[in-house]
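I opened this entry to record what I looked up, item by item. The notes follow the order of my checks.

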Amino acid sequence: MNNDFYKDLKQIDDFSKIMEDKNYTKIPSDWIVLVSDIQDSTKAIEKGSYKDVNFISALCIIGILNIDNNLDFPYIFGGDGASLIVPPSILEKAKKVFQEARKKAKEAFDLNLRIGYISVKEIEEKGSFIEVCKYKISNEYTQAIVRGNGLQLAEDLLKKEYETYKIDEEFSFDYTANFEGLECRWENIKTPKDETISILIKSINEKNSSMIYENCLKQIEQIAGDFKSRNPIQKDEQFILSFHPKILNTEAAIFTNNIFSRVFHIFRLMIENLLGVFLMKFGIGEWKEYKQRIIRTTDTEKFDDMLRMVICTKKEDTKKIEKFLNEKFLQNDLVYGIHQSDSALMTCLIFQRHGKHIHFVDSSNGGYAMAAKDLKRRLKEIVN
């Protein structure tokens with residue numbers, strides 16, 4: 001059993017290198033793919049629950065990460081779901097975490113969370129595979145890049161054969177899930193340009209997939225700028241800690257059991273935010289670097305057999321990107337989905353206040369989930 005497989009992988013430091021075969025390594029066949037998916041997430045988002053949907057997706061990830069701080073493994077935040085690839089040594093605890101996440105999703109937000117798992121070996125037996133590389137975003141954050149359509153197969157099986165691959169509600173194991181560190185305390189982050197957009201790009205030309213993705217990355221860089229300039233999280237003044245009960249309720253609902261404790265928790269978060277505003281404004285101690293630490297640890301662009309990007313653009317640049325992608329769609333090279341907004345939503349995983357951070361970013365009012373709806377519409381056009 002190789003628990004350190006992922007930890008020992010070499011890193012790349014340039015997102016444009018994600019298509020180079022030499023950077024990928026196969027996942028060990030005894031590792032496990034865990035998948036969560038919020039059922040009818042689009043309807044929930046259309047009703048205004050997009051923060052709750054993002055929060056539950058991140059909840060699944062931090063609960064697994066908290067099992068063993070010494071382990072390192074790949075995971076993907078998808079906005080309305082999450083995928084993780086873990087060693088078999090933590091499978092039983094991971095199932096317990098997902099089980100508790102499903103319970104919290106229902107009790108706190110009335111969301112139905114589908115949860116399941118499948119071994120990499122079974123994925124390979126079904127004709128798919130999973131390869132991974134590590135992309136170093138900064139000295140403080142390294143992201144998993146995944147290819148091989150194995151994750152997509154796992155997600156499809158969860159939705160289409162749920163009874164076979166689900167984690168049973170009666171599953172029992174002596175472990176208490178730990179979701180500490182999950183936060184959602186910032187106001188929506190206004191775009192530094194005209195728009196913040198979520199983009200999904202999926203190649204449908206298997207022979208030329210690598211070339212198609214490389215071309216897309218080059219075109220987006222030419223239009224919207226390099227990684228730093230298109231990142232929707234780039235300025236200290238974008239960050240505003242929230243004192244709005246509705247925003248703070250998302251976090252409070254997860255960590256409390258009744259309305260009275262929830263109100264108290266929200267009040268406590270307001271006090272903590274007030275203290276945070278003071279410490280950051282006057283640059284006291286390590287707090288003077290806190291916002292820059294966030295910027296260095298944002299999760300805005302990734303690849304898991306699909307390009308997932310949250311970027312800021314000028315309106316005319318958004319039109320140029322759409323025009324380019326539509327041309328490639330009409331040439332049967334790819335399908336895509338775009339969701340436009342004026343701000344970003346950030347869900348934070350804080351392992352150490354002035355240490356390890358991860359900040360999942362999506363565009364507000366639906367983000368990836370609404371972009372996925374747009375992509376599926378185009379996919380149906382091809383099928384029909």
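I call a residue buried under 20% relative accessible area, exposed over 50%, and partly exposed in between. The model is predicted.

**Entry 1: K190 and D342.** I began with K190, which is exposed, with a relative accessible area of 52%. Its side chain meets that of D342 in a salt bridge, at 3.7 Å from N to O. The two are 152 residues apart and link distant parts of the chain: K190 sits in strand β10 (residues 189–190), D342 in the loop between β15 (334–341) and β16 (343–350). I noted D342 as partly exposed, at 40% relative accessibility.

**Entry 2: other salt bridges.** I then asked how many salt bridges the count comes to. The count is 27.

I looked up D37 and R114, whose closest N and O atoms are 2.5 Å apart in a salt bridge. D37 belongs to strand β3 (residues 32–38) and R114 to strand β6 (residues 113–119), so this pair ties together parts 77 residues apart in sequence. Are D37 and R114 buried or exposed? D37 is buried at 8% relative accessible area, and R114 also counts as buried, at 16%.

I also looked up K22 and E20, which form a salt bridge of 3.9 Å, N to O. K22 is exposed at 70% relative accessible area, whereas E20 is partly exposed at 30%.

One set forms a network of salt bridges: E183, R185, E251, R268, E272 and R353.

**Entry 3: D52.** I found D52 in helix α2 (residues 50–65). Which side chain of opposite charge is nearest to D52? It is K246, 8.3 Å away; D52 is buried and has no salt bridge. A salt bridge needs the side-chain nitrogen within 4 Å of a carboxyl oxygen, so K246 at 8.3 Å does not qualify. What I did find for D52 is a polar contact of 3.2 Å between its side chain and that of T250. Leaving out residues up to four places away in sequence, D52 touches F109, L111 and T250.

**Entry 4: helix α10.** I checked the length of α10 (residues 259–281) against expectation. At 1.5 Å a residue, its 23 residues should span 33 Å, and the end C-alpha atoms are 33 Å apart, which agrees.

At the start of α10, I noted a side-chain oxygen of N258 within 3.1 Å of the backbone nitrogen of F260. Just after the helix, G283 has a positive phi of about 60 degrees.

Which residues of α10 are buried? They are H265, I266, L269, N273, G276, L279 and M280. An α-helix has 3.6 residues a turn, so residues three or four places apart point the same way. The cover over the buried residues of α10 includes α9 (245–255) and α11 (290–296).

**Entry 5: Y290.** I went on to helix α11, where Y290 is found. Y290 counts as buried, at 4% relative accessibility. What does Y290 touch, not counting residues up to four places away in sequence? I listed W186, M280, I350, R353, H354 and H357. M280 is one of the buried residues of α10, and R353 is in the salt-bridge network I noted in Entry 2. Last, I took the separation of Y290 and N69: 221 residues in sequence and 22 Å in space, C-alpha to C-alpha.

Key: Residues are numbered from 1 along each chain as its sequence is written. This is a predicted model: local features need pLDDT of at least 70, side-chain atom pairs count only at pLDDT 80 or more; totals for chains, interfaces and linings use all residues. Side-chain values use heavy atoms; hydrogens and water are left out. Helices (H or I, at least four residues) and strands (E, at least two) are DSSP runs, numbered from the N terminus. The expected span of a helix is 1.5 Å times one less than its number of residues. Buried means under 20% relative accessible area, exposed over 50%, partly exposed in between (1.4 Å probe, protein chains only). Contact means heavy atoms within 4.5 Å. A polar contact is a pair of N or O atoms within 3.5 Å; within protein, one must be able to donate a hydrogen and the other to accept it, and residues adjacent in sequence count only if both atoms are side-chain atoms. Lys and Arg count as positive and Asp and Glu as negative; His and the chain ends are not counted.
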